[in-house]
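Here is a short report on a single chain. It covers charge pairs, a pocket and a few residues worth a look.

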Amino acid sequence: MDFAEKKYDVFSMFNDRWALVTAGSLEDYNTMTIGWGSLGTIWGPPHKGKPIVTVYVSPARYTHSYLEENDYFTVSFFPEEYRKDLGILGSRSGRDGDKVALTALEPVAVEHGVDFRQAELTFVCKKLYSHQFELEQVPTEVADWIYTRVPPHTMFIGEVVDVIER
């Protein structure tokens with residue numbers, strides 16, 4: 001499948017639908033709900049840029065260490081009926097136990113990572129780059145609103161190596 005030719009509603013996918021970012025193997029993984037992300041291209045000549053997904057994760061989140069330690073991650077989108085499950089996965093920590101067991105979601109192994117049987121769209125990404133935002137570079141109004149209690153987010157850029165559509 002030539003997924004680079006597919007059309008996605010990039011301005012609302014994360015903001016309106018949310019997603020799960022997951023890293024690790026089926027035997028040892030963590031996932032969390034994200035509402036910030038982007039799709040695009042980078043680091044290639046015209047018409048041949050690498051298709052990428054960029055996600056933003058706070059270093060305070062348990063999933064952050066999984067993203068740092070693994071070369072691949074998945075970003076999964078779900079039908080609206082799973083919104084409550086995404087709410088659970090975004091409000092609980094994997095440090096405290098198996099939060100996925102509190103949901104109707106079923107994790108499944110995919111090449112290079114973990115997906116969920118209920119996901120209707122999943123990007124499998126090879127991590128290309130990560131960088132923690134520098135507080136002094138963040139606009140003051142954003143820093144005063146978001147970063148008064150938590151450290152700045154880390155940006156993880158992943159090259160899309162597969163797209164799973166159900």
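A residue is called buried when its relative accessible area is under 20%, and exposed when that area is over 50%. A salt bridge needs a side-chain nitrogen of Lys or Arg within 4 Å of a carboxyl oxygen of Asp or Glu. Keep in mind that the model is predicted.

**A buried acid without a partner**

Aspartate 85 sits in helix 3, residues 83-91. Aspartate 85 is buried, yet has no salt bridge. The nearest side chain of opposite charge belongs to lysine 84, and it is 6.8 Å away. Because a salt bridge requires a distance within 4 Å, lysine 84 at 6.8 Å does not qualify. Leaving out residues up to four places away in sequence, aspartate 85 touches Thr103, Ala104 and Leu105.

**Salt bridges**

Side chains of opposite charge can pair when their charged atoms come close. The structure holds 5 salt bridges. Among them are the three listed here.

| Acid | Base | N to O distance |
|---|---|---|
| Glutamate 120 | Arginine 17 | 2.3 Å |
| Glutamate 80 | Arginine 83 | 3.3 Å |
| Aspartate 115 | Arginine 166 | 2.8 Å |

Take the pair of glutamate 120 and arginine 17, which meet at 2.3 Å. This pair links distant parts of the chain, 103 residues apart. Glutamate 120 is in the loop between strand 7 (113-116) and strand 8 (121-132), while arginine 17 is in helix 1. Glutamate 120 is partly exposed, at 31% relative accessibility. Arginine 17 is also partly exposed, with 27%.

Next come arginine 166 and aspartate 115, joined by a salt bridge at 2.8 Å. Arginine 166 lies in the segment after strand 9 (154-165) and aspartate 115 in strand 7, so the pair ties together parts 51 residues apart in sequence. Is aspartate 115 buried or exposed? Aspartate 115 is buried, because its relative accessible area is 0%. Arginine 166 is partly exposed at 47%.

In the pair of glutamate 80 and arginine 83, glutamate 80 is exposed, with a relative accessible area of 54%. Arginine 83 is partly exposed, with 22%.

**The second largest pocket**

This pocket has a volume of about 220 Å³. Its lining includes Trp18, Trp36, Tyr56, Arg61 and His153. The lining residues divide into 6 nonpolar, 5 polar and 1 charged. Which elements each supply at least two residues of the lining? They are strand 2 (28-34) and strand 4 (50-57). Strand 2 gives the most, with 3 residues.

Tryptophan 18, one of the lining residues, lies in the loop between helix 1 (13-17) and strand 1. Tryptophan 18 has a positive phi of about 65° although it is not a glycine. Tryptophan 18 counts as partly exposed because its relative accessibility is 29%.

**Other residues**

Histidine 47 also has a positive phi without being a glycine, at about 70°. Histidine 47 is found in the loop between strand 3 (37-42) and strand 4. At 84% relative accessibility, histidine 47 is exposed.

Alanine 19 belongs to strand 1, residues 19-25. Alanine 19 is buried, with 0% relative accessibility. Its contacts, not counting residues up to four places away in sequence, include Phe14, Met32, Val75 and Phe77. Alanine 19 and valine 75 are 56 residues apart along the chain, and their C-alpha atoms are separated by 6.4 Å.

Proline 51 lies in strand 4. Proline 51 is partly exposed, at 22%.

Methods: Residues numbered from 1 in each chain as written. Predicted model: local features only at pLDDT ≥ 70, side-chain atom pairs only at ≥ 80, totals over all residues. Heavy atoms only, no water. Helix = DSSP H or I, 4+ residues; strand = E, 2+ residues; numbered from the N terminus. Buried < 20%, exposed > 50% of the residue type's maximum accessible area, 1.4 Å probe, protein only. Contact = heavy atoms within 4.5 Å. 1 Å grid on protein atoms, 1.4 Å probe; cavity = no way out; pocket = protein on both sides within 12 Å on 5 of 7 lines; lining within 4 Å. Points joined across faces, edges and corners; volume = space filled by probe spheres on them. Nonpolar A, V, L, I, M, F, W, Y, C, P; charged D, E, K, R; others polar. Lys, Arg positive; Asp, Glu negative; His and termini not counted.
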